[in-house]
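Student: Please take me through one part of this model in close detail. I would like the site around the first ligand, and what holds the metal beside it.

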Amino acid sequence: MTFETINLTDHIGTRISIDADTLLKPDVARDVRGILEQRGVLVFKELNLTDEQQSRLASLMGSLRPEGEKGIFKVSLDKKENAHGDYLKGSFLWHIDGTHDEVPVFASLLSGRRLSQVGGQTEFASSYAAYEALPQATKDRIGGLKVAHSVEVSMRRAGVEATEQNLAYWRSHSDKVHNLVWTHKSGRKSLVIGCHASHVVGMDRAESDQLLQELLEWTTQPRFKYRHEWTVGDMLIWDNTGVLHRAEPYAADSGRVMHRTTLLGEEAFA
Ligand code: OGA
Ligand code: MN
């Protein structure tokens, strides 16, 4: 390997020390993707990639999702930067991106461009590791369960105002039902939970609320978690298929702007 890696916790997160030119070599980008699949989150301190380099890296690691300008989406609560800024308040709660799609995005690359003075750090939790560590009785109990996911539920939980315009946008994403336990083609299993998980299909509401809450608390306990404290120029990559994430709350006028590039999903929920 032409770079150094340090595992940041036992179950999730690896820091990779590398320069941009080396990272953009196709065989290196392929190796990096392999580490991402094993470790859930990759951290590149002060890599300072340009937008163009970031999109190129994404294309070398998978299929770039066409969004924003040349594949760069600005994550910002400021409506001048992002018309759906309100929607991003949902990112303050633990979530998986794209549970309203059949094939959720595989991974995202996020570069810190401007940071908030207060809040705005990002946390990740491995639902691969969390599932693996569950007691067998719980695995047996949840194995066949299905969960309904709703954008509207996640937005209401995040306290986003249900204006007519917001409601219309939320409802343009139809609700989806996914297995609670996602069995990947690799054979690994992860939990499909988060603020968008409305209820377990066919289960009494109180019991469903309690189960989903318990699983979320289990998954986000310190041993399965990595918390990133940002420095401008850092870039993170997370595997959205087995990792939950959230941003610590920050103000809409904090100036925080992150540049995100997303890789299209390669596997449907199953
Ligand atoms: C996202 C997201 C977290 C952050 O871009 O999907 O949840 O810290 N971002 O901005
Ligand atoms: Mn997100």
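**The ligand 1 site**

Tutor: An oxygen atom of ligand 1 is 3.1 Å from a side-chain N or O atom of histidine 245. That is a polar contact, a pair of N or O atoms within 3.5 Å. The protein covers 98% of the 280 Å² of accessible area that ligand 1 has on its own; areas come from the Shrake-Rupley method with a 1.4 Å probe.

This is a predicted model, where local features need pLDDT of at least 70, side-chain atom pairs count only at pLDDT 80 or more, and totals for chains, interfaces and linings use all residues. Residues are numbered from 1 along each chain as written, chains are lettered from A and ligands numbered from 1 in written order, and side-chain values use heavy atoms, without hydrogens and water.

Two more side chains make polar contacts with ligand 1. Histidine 95 places a polar side-chain atom 3.2 Å from a ligand 1 oxygen. For aspartate 97 the distance is 3.1 Å.

Now the wider shell. Residues around ligand 1 include Val75, Ser91, Leu110, Thr122, Trp238, Arg256 and Arg260; a heavy atom within 4 Å qualifies a residue.

Next, the metal. His95 (NE2), Asp97 (OD) and His245 (NE2) are the protein donors of the manganese ion (ligand 2), at 2.1 to 2.2 Å. Donors are N, O and S atoms within 2.8 Å of the metal (3.2 Å for Na, K and Ca); water is not among the atoms, so sites may look incomplete. Their sequence spacing is H-x1-D-x147-H.

Histidine 95 is buried, at 8% relative accessible area. Aspartate 97 is buried too, at 15%. Buried means under 20%, exposed over 50%, partly exposed in between (1.4 Å probe, protein chains only).

Key. A polar contact is a pair of N or O atoms within 3.5 Å; within protein, one must be able to donate a hydrogen and the other to accept it, and residues adjacent in sequence count only if both atoms are side-chain atoms.
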